[in-house]
There are 4 protein chains.
Amino acid sequence: MKINRYQDISEIDREAKKDYIDRHSAFVHCEDNAKAGEKFKVKVQVGDEYKHPDDFDHYISYVQLWDGERFLGEANFTAGTMGNAPTNVEVDFYIVPTKNMKLMAHAYCTKHGLWQSDEIAVSVS
Amino acid sequence: MKINRYQDISEIDREAKKDYIDRHSAFVHCEDNAKAGEKFKVKVQVGDEYKHPDDFDHYISYVQLWDGERFLGEANFTAGTMGNAPTNVEVDFYIVPTKNMKLMAHAYCTKHGLWQSDEIAVSVS
Amino acid sequence: MKINRYQDISEIDREAKKDYIDRHSAFVHCEDNAKAGEKFKVKVQVGDEYKHPDDFDHYISYVQLWDGERFLGEANFTAGTMGNAPTNVEVDFYIVPTKNMKLMAHAYCTKHGLWQSDEIAVSVS
Amino acid sequence: MKINRYQDISEIDREAKKDYIDRHSAFVHCEDNAKAGEKFKVKVQVGDEYKHPDDFDHYISYVQLWDGERFLGEANFTAGTMGNAPTNVEVDFYIVPTKNMKLMAHAYCTKHGLWQSDEIAVSVS
């Protein structure tokens, strides 16, 4: 199964391709360090500089958050949750880590398949 | 089907019952007013003054966010996401409203069933 | 929150109303008796005599199966899974009962909200 | 992210490894041919010759069905749906194809990560 990955868009010439890659890519935003046993916020956002449609036949229907091979959570949406206009889908998960993590997110676009974020290492002490 | 509801725990005498009701109840936290077409943050939290276990056989497995009869999103967890210790499950949804909303959340406990929050009216202009 | 229920459509005069109620209602189909510890098939079907659209802005996005207050499973779909034509959404769950059950299903239509099936009693011995 | 795959267990010597691989692997069972516009049954089963536990800290929490890069559906379970005893998780999806498909399933074990089935080609005419 093909899982798409982010590419550094500053190295891509064609505007349409920059847009396509950026708006589908999942990004994990969180602190680099966490305290074991304390609640820790992790934002998953889809797209960075470019927005994704929220059309009935073309929207982000779910994001998942993973720590390596361990599933942490999933958020599901329907078309219209984002007002049927282009935007960056976001969700904040709150997790409680007990050891170092390698966080990674998946985002699924109903037209352009599954996209995987870069992995973010979090030190937990 | 029985859907449990929050009761004002200040009016409940028995400590165990206060705890039981509070830690299972879903709460919607957001501003009272939103701008049409702009991203709007809605926190769903389970429990307020009391914490809920995150045991393998007893945890909050999902929360849903509704606007009246309209489903906006769902977040799923597995036991362990909250470090296997008592806490208040939280998730922040970001939605884009287009008209007035009546937000409501569901939370499901794998031992004690489905719990529905109070409804929060949001004026959208 | 309003949860819609099946009504006996033979007692409804207006054809449009029969159609509306029937095509949204969830039905649980299974044997009346099950053996404890053995796999047991439970079909959830949406609609009986009338079909529901599978349009991008109007489709059945999820069904849930419950035993009383206990969540057993959920199936999620996206528009197009049913070929974008009217049909009866179906899913077969396989569960392993250990005691008597009261099975009930929910179905969610992206335009017309949440619908709850009648409850089906299953004797488990 | 590591996604595990089925290996032909007849070529594996060690019994524990045969068991580990077989009981986690997802299998897609369906006809080789389908009629466009007609409902088509697709069974997803986890494990073939070996059973998987349904323990609170070790169970199959979800399966997904894909047609190439297109998500068709997902079924979620909680521990206990399979009676807390070893078994093969099963779910029957009903889809309506419009063109040739390459069906594939994912299964997630809460202890041993994500497993991907072989791809099944279905001719649709």
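Here a colleague and a modeller talk through a predicted model.

Colleague: Let's start with one chain. Which elements does chain A have, and how do they run from the N terminus on?

Modeller: Chain A has one helix and 10 strands. Going from the N terminus, the run is β-α-β-β-β-β-β-β-β-β-β.

Colleague: What radius of gyration does chain A have, and what would a compact globule have?

Modeller: With 125 residues, a compact globule would come out near 14 Å, and the 15 Å of chain A agrees with that. The C-alpha trace spans about 45 × 35 × 25 Å along its principal axes. As for burial, 46% of the residues of chain A count as buried.

Colleague: Now the two chains. How can chain A be laid on chain B?

Modeller: The general idea is that two copies of a chain are related by a rotation about an axis and a shift along it. In this case, a turn of 180° with a shift of 0.0 Å along the axis lays chain A on chain B, with an RMSD of 0.0 Å. That is how a two-fold axis relates copies.

Colleague: How many residues does the contact take from each chain?

Modeller: It takes 24 residues from chain A and 24 residues from chain B. On the chain A side, S6(A) gives the most, with seven residues. That side divides into 12 nonpolar, eight polar and four charged residues. Also, 100% of the interface residues of chain A are interface residues in chain B too, so the copies meet through the same surface.

Colleague: In which sense do S6(A) and strand S6 of chain B pair?

Modeller: They pair in the antiparallel sense, over five bridges. Within that, Asn76(A) has Glu74(B) as its bridge partner in S6(B).

Terms used. Residues are numbered from 1 along each chain as its sequence is written. Chains are lettered from A and ligands numbered from 1 in the order in which they are written. This is a predicted model: local features need pLDDT of at least 70, side-chain atom pairs count only at pLDDT 80 or more; totals for chains, interfaces and linings use all residues. Copies are superposed by least squares on the C-alpha atoms of residues with pLDDT of at least 70 in both. Two residues are in contact if their C-beta atoms, placed from the backbone, lie within 7 Å. Helices (H or I, at least four residues) and strands (E, at least two) are DSSP runs, numbered from the N terminus. Ala, Val, Leu, Ile, Met, Phe, Trp, Tyr, Cys and Pro count as nonpolar, Asp, Glu, Lys and Arg as charged, and the others, Gly among them, as polar. Two strands pair if DSSP finds at least two bridges between them. The radius of gyration is taken over C-alpha atoms; the globule rule is 2.2 Å times the number of residues to the power 0.38. A residue is buried if 20 or more other C-beta atoms lie within 10 Å of its own, exposed if 12 or fewer, and partly exposed in between; C-beta atoms are placed from the backbone.
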